[in-house]
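Student: Could you walk me through this model and show how each label is earned? I'd like to see the value set against the cut-off every time.

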Amino acid sequence: MHNERRRSIILWGPPGSGKSLYLTSLVRWLARERNERAYSVLPANDATARWIAGRTAPHPEGLALLSSSDRPAEPPQFLIYSISDTPDAAHHRSALVAQLTLCDASAGDPAPAGLSEASGVMLFLPVATMALSVDARDECVSWLTTTLARLPEEAGAPPPAVSMPVAVCLTQTDEVPDAIGRDANQWLESFGSESMRALRAHCAHHSVFKVSSLGRAPRRRDGIEVVTGTPEPRGALSAIRWILETTPTEAAV
């Protein structure tokens with residue numbers, strides 16, 4: 001393994017937006033995507049590894065999703081490795097390219113540590129929850145617009161002055177039957193045009209992604225959420241890959 005300069009990505013979202021399940025999918029169920037550069041995501045320490053291991057348990061129908069696992073005292077951290085099919089000149093096939101840190105914050109909470117030095121940020125919005133009620137939708141949209149306004153801006157830059165890549169991840173898409181055919185930008189805008197306006201106003205480099213951490217909707221069994229068979233995440237790496245491959249000279253999406 002070759003250790004290169006490590007970049008930092010912040011995963012940020014309101015409580016219940018699917019961050020923990022997403023991280024579990026990256027570590028435990030992520031499959032290589034054809035014709036795409038391979039990445040591997042691993043816990044950075046023992047506390048994070050134990051937390052991830054406690055998020056699921058075997059079930060006769062497949063896999064039970066557990067929510068009682070205590071989160072580590074420090075924010076869970078993960079390491080992202082780039083994997084090559086062939087070794088380089090120094091015989092390395094793996095390179096440590098980034099660190100991913102979880103931040104669980106409601107509207108008005110302080111910004112996560114290290115945000116000003118981060119190479120990118122992933123903002124999570126739970127579309128199935130937002131579709132359930134006007135209050136849930138308004139709360140999530142308010143969280144997004146407030147968070148975008150708090151992102152660090154490049155000094156002296158004209159608007160949009162947030163230069164770091166900002167990926168908005170629409171989660172819970174496995175609970176929406178027609179999610180595959182939906183356009184991600186239009187989906188976000190359907191919850192209120194202020195979301196896309198705020199993205200364009202603040203962020204020079206932004207994109208919207210659909211994320212399914214499970215590949216299929218879980219079912220309630222005896223008070224527990226159960227996934228039939230083995231989860232098959234969809235779009236889980238898309239935002240990470242985009243952040244790692246976006247350069248400051250690229251145009252906004």
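**Labels and their cut-offs**

Tutor: Let's start with Val227, which sits in strand β11. Helices and strands here are DSSP runs numbered from the N terminus (H or I with at least four residues for a helix, E with at least two for a strand). This is a predicted model, in which local features need pLDDT of at least 70 and side-chain atom pairs count only at pLDDT 80 or more, while totals for chains, interfaces and linings use all residues. Numbering runs from 1 along each chain as its sequence is written, and side-chain values use heavy atoms, with hydrogens and water left out.

Student: Why is Val227 called buried?

Tutor: Buried means under 20% relative accessible area, exposed means over 50%, and partly exposed is in between (1.4 Å probe, protein chains only). Val227 comes out at 0%, so it counts as buried.

Student: Which residues does Val227 touch, not counting residues up to four places away in sequence?

Tutor: Contact means heavy atoms within 4.5 Å. On that rule Val227 touches Glu61, Gly62, Leu63, Leu65, Leu214, Arg216 and Pro218. Ala49, by the way, is 178 residues from Val227 in sequence and 21 Å from it in space, C-alpha to C-alpha.

Student: What makes Arg216 and Glu232 a salt bridge?

Tutor: The rule asks for a side-chain nitrogen of Lys or Arg within 4 Å of a carboxyl oxygen of Asp or Glu. The closest N and O atoms of Arg216 and Glu232 are 3.8 Å apart, and the pair passes. Arg216 lies in the loop between β9 (206–210) and β10 (219–221) and Glu232 in the loop between β11 and α7 (238–245), so the bridge ties together parts that are 16 residues apart in sequence. Arg216 has 26% relative accessibility, which puts it in the partly exposed class.

Student: How many salt bridges does the structure hold?

Tutor: Five. Among them, Asp138 pairs with Arg137 at 3.1 Å between the closest N and O atoms, and Arg182 pairs with Asp178 at 3.1 Å. Asp138 has 39% relative accessibility and Arg137 has 27%, so each counts as partly exposed. Arg182 at 32% and Asp178 at 41% are also partly exposed.

Student: How do you know that α7 is largely enclosed by the rest of the structure?

Tutor: Count its buried residues: six of the eight qualify, so the helix earns that description. They are Ala239, Ile240, Arg241, Trp242, Ile243 and Leu244.

Student: What makes a set of residues a nonpolar core?

Tutor: Its members are buried Ala, Val, Leu, Ile, Met, Phe, Trp, Tyr and Cys residues joined through side-chain atoms within 4.5 Å. The largest such core has 33 residues, and Trp12 and Val166 touch the most other members. Its largest share, five residues, comes from α4. There is also a second, separate core of 29 residues that includes Tyr22, Ile52, Val97 and Leu102.

Student: What makes something a pocket, as opposed to a cavity?

Tutor: On a 1 Å grid over the protein atoms alone, a cavity is a set of points where a 1.4 Å probe fits but cannot get out, whereas a pocket is an open set with protein on both sides within 12 Å along at least five of seven lines; lining residues have an atom within 4 Å of a point. The largest pocket has a volume of about 660 Å³, that being the space filled by probe spheres set on grid points joined across faces, edges and corners. It has 27 lining residues, with Gly18, Leu21, Arg55, Leu65 and Ser67 nearest its centre. Helix α1 gives the most to that lining, three residues.

Student: Why is Thr24 called buried?

Tutor: Thr24 lies in helix α1, and its relative accessible area is 0%, so it falls under the cut-off. Beyond its neighbours within four places in sequence, Thr24 contacts Trp29, Ile52, Arg55 and Thr56.

Student: And what makes Asp222 exposed?

Tutor: Its 82% relative accessible area, which is over the limit. Asp222 is in the loop between β10 and β11, and has a positive phi of about 55° although it is not a glycine. Gln172 also has a positive phi, near 65°, but Gln172 is buried at 17%.
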